[in-house]
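Trainee: I am new to this structure and would like to go through it slowly, with the reasoning spelled out. Could we begin with the strands and then move on to the rest?

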Amino acid sequence: MFRRASSQAHLEPQLDPLLPGFSFNTHLVAGLTPIEKEGHLDFFIHRPEGMQGYIINHTVKGQGLVLGDNVQHPCQSGDLLLFSPEAIHHYGRHPEATSWHHQWVYFRPRAYWSEWLKWPALLAETGLHRPHEQEAALYSGLFSQIIDTVSVGGPYSEMLAMNLLEQLLIRRQQAVADPLQRQLDPRIHAACQYMNEHLGDNQWEISDVAEHVCLSTSRLSHLFRQHLGVSVLKWREDQRINQAKLLLSTSQLSIASIGCSVGFDDQLYFSRVFRKCTGSSPSEFRQSFRRQGCEGQR
Ligand code: FCB
């Protein structure tokens, strides 16, 4: 479904960290990966074994898509993702976006950083920090400084880059510890995760989600709206429709089976909800996506 980097063995050592085959046998590397649709970097990065160090990846333009076992998470401008060494790396440009530019830093952490590397999980072993608008410039600034410092090189560059990275981790820690800027309630986060994992299953009710996160149904509904500004059912519907859009644009599956896979057994009902959310029917959406693709290839 997604274009992958070639896994061909490289006879020569690969010196470009943006291309497959780079060894990452170092303590710190940083860079910017500017993926443009159909450009030479437009492939899915796939490292099924994880890496030896950690990575923080920061979206600066366009949209990326991070794939997990049965889930996919789009990432948008400002998002910071933390991949621990055990995390499977499988990500690339979101098929609906024309670009995905992300800054990244690969590093072996200092021992005392361990507390600062526990981020709320997006997927197993992959954390997410979605900064508040006011913080966005801070992270972009620190990231750019890390990349510049590494590219200048010289005896102190790694030490300085580690120092900037430490600032970035402390800033995030400070933001999440501040009650005014506290991140998503872990129970709401767990509820979202549960629903994402059961998107195709239409047997469950809000009370199942509530039970899973040890809240009463009414408490979950209240907290959910307070944190995310929408009801539980509306949130689930948005996720289903987003997933359906992705499958319509990237697969040959029939509309009925796409509907089923996102929890709508009745195709008419699926089309009705799809139209309500997107303004077009699933088949119109697919056709317009194909037309855009053909125009883009001319
Ligand atoms: C580059 C990728 C980037 C990140 C670093 C470690 O090749 O473009 O996303 O994974 O490797």
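Mentor: Let us start with one pair of strands, keeping in mind that this is a predicted model. Strand β6, residues 80–83, pairs with β10 in the antiparallel sense, and the pairing runs over four bridges.

Trainee: Which residue of β6 stands opposite His 129 in β10?

Mentor: The two strands are antiparallel and joined by four bridges. In this pairing, the residue opposite His 129 of β10 is Leu 80.

Trainee: How many bridges join β3 to β6, and which residue of β6 is the bridge partner of Ile 55?

Mentor: Strands β3 and β6 run antiparallel, with four bridges between them. Within β6, the partner of Ile 55 is Phe 83.

Trainee: Are the residues on the two faces of β6 buried or exposed?

Mentor: In a regular strand, side chains alternate between the two faces of the sheet, so each face has to be looked at in turn. In β6, one side carries Leu 80 and Leu 82, while the other carries Leu 81 and Phe 83. Since buried means under 20% relative accessible area, the word that applies to these four residues is buried.

Trainee: What other strand pairs with β10, and which residue stands opposite Gly 127?

Mentor: β9 and β10 pair in the antiparallel sense over two bridges, and they form a hairpin with two residues between the strands, where Glu 125 takes a positive phi near 65 degrees. Both faces of β10 are covered, with Thr 126 and Leu 128 buried on one side and Gly 127 and His 129 buried on the other. The strand asked for is β9, and the residue opposite Gly 127 is Ala 121.

Trainee: Which element gives the most to the largest nonpolar core?

Mentor: In soluble globular proteins, nonpolar side chains tend to be buried together. Here the largest nonpolar core has 24 residues, and those with the most contacts inside it are Ile 56, Val 105, Phe 107, Trp 113, Ile 146 and Leu 165. The elements giving two or more residues to this core are β1, β3, β6, β8, α1 and α2. With seven residues, the one that gives the most is α2.

Trainee: What is the volume of the largest pocket, and which residues lie nearest its centre?

Mentor: Rolling a probe the size of a water molecule over the atoms shows where empty space is left. For the largest pocket, the volume comes to about 1300 Å³. Its lining has 47 residues, and those nearest the centre are His 73, Leu 122, Arg 130, Trp 235 and Gln 239.

Trainee: Which element gives the most to that lining?

Mentor: The lining of the largest pocket draws at least three residues from each of domain 1 (28–179) and domain 2 (186–294). By class, this lining has 22 nonpolar, 18 polar and seven charged residues. The element that gives the most, with seven residues, is α6.

Trainee: Why does His 40 count as exposed?

Mentor: His 40 lies in the loop between β1 and β2. The cut-off for exposed is over 50% relative accessible area, so His 40 counts as exposed because its relative accessibility is 63%.

Trainee: Why is Asp 266 described as partly exposed?

Mentor: Asp 266 lies in the loop between α7 and α8. Partly exposed covers the range between 20% and 50%, and Asp 266 falls there because its relative accessible area is 44%.

How values were computed
Residues are numbered from 1 along each chain as its sequence is written. This is a predicted model: local features need pLDDT of at least 70, side-chain atom pairs count only at pLDDT 80 or more; totals for chains, interfaces and linings use all residues. Side-chain values use heavy atoms; hydrogens and water are left out. On a 1 Å grid over the protein atoms alone, a cavity is a set of points where a 1.4 Å probe fits but cannot get out, and a pocket is an open set with protein on both sides within 12 Å along at least five of seven lines; lining residues have an atom within 4 Å of a point. Grid points are joined across faces, edges and corners, and a volume is the space filled by probe spheres set on the points. Ala, Val, Leu, Ile, Met, Phe, Trp, Tyr, Cys and Pro count as nonpolar, Asp, Glu, Lys and Arg as charged, and the others, Gly among them, as polar. Domain bounds come from an automatic or database domain assignment. Buried means under 20% relative accessible area, exposed over 50%, partly exposed in between (1.4 Å probe, protein chains only). Two strands pair if DSSP finds at least two bridges between them. A nonpolar core is a set of buried Ala, Val, Leu, Ile, Met, Phe, Trp, Tyr and Cys residues joined through side-chain atoms within 4.5 Å.
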